[in-house]
Amino acid sequence: MDDAALARLDPHLTTIALSPKTAGIQMRPDSPVRDYAKDGVRIAFVPTILGTIVLVAYAEVDPQ
């Protein structure tokens, strides 16, 4: 990822870090994986039970 894509990704990671249990949508009822998509950025992540750690499984930034 180049610097421009990282700059676009960063505010979305901050959103997820601040509200990991409500950011995005749960992919399946029996899965902890959440899918966040906004402004050409898509992130699949798993928040921990306490919400103190977020494991990012996938990040995609559309080119502008």
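1. A good place to start is Arg34, which touches Pro20, Lys21, Thr22, Ala23, Gly24, Ile25, Gln26, Met27, Ile43, Ala44, Phe45 and Pro47, leaving out residues up to four places away in sequence. Contact here means heavy atoms within 4.5 Å.

2. Before going on, please note that this is a predicted model, where local features need pLDDT of at least 70, side-chain atom pairs count only at pLDDT 80 or more, and totals for chains, interfaces and linings use all residues. Residues are numbered from 1 along each chain as its sequence is written, and side-chain values use heavy atoms, with hydrogens and water left out.

3. Arg34 is buried but has no salt bridge, and Asp35, the nearest side chain of opposite charge, is 9.6 Å away. Buried means under 20% relative accessible area (1.4 Å probe, protein chains only); a salt bridge needs a side-chain nitrogen of Lys or Arg within 4 Å of a carboxyl oxygen of Asp or Glu. Lys and Arg count as positive and Asp and Glu as negative, while His and the chain ends are not counted.

4. What does the Arg34 side chain reach at 2.9 Å? That is the backbone oxygen of Ala23. The backbone oxygen of Gly24 lies 2.8 Å from a polar atom of the Arg34 side chain.

5. Arg34 sits in strand S2 (residues 34–38); strands are DSSP runs (E, at least two residues), numbered from the N terminus. S2 runs antiparallel to S3, joined by five bridges (strands pair if DSSP finds at least two bridges between them). Ala37 has Arg42 in S3 as its bridge partner.

Methods
Helix = DSSP H or I, 4+ residues; strand = E, 2+ residues; numbered from the N terminus. Buried < 20%, exposed > 50% of the residue type's maximum accessible area, 1.4 Å probe, protein only. Polar contact = N/O pair within 3.5 Å; in protein donor to acceptor, adjacent residues only side chain to side chain.
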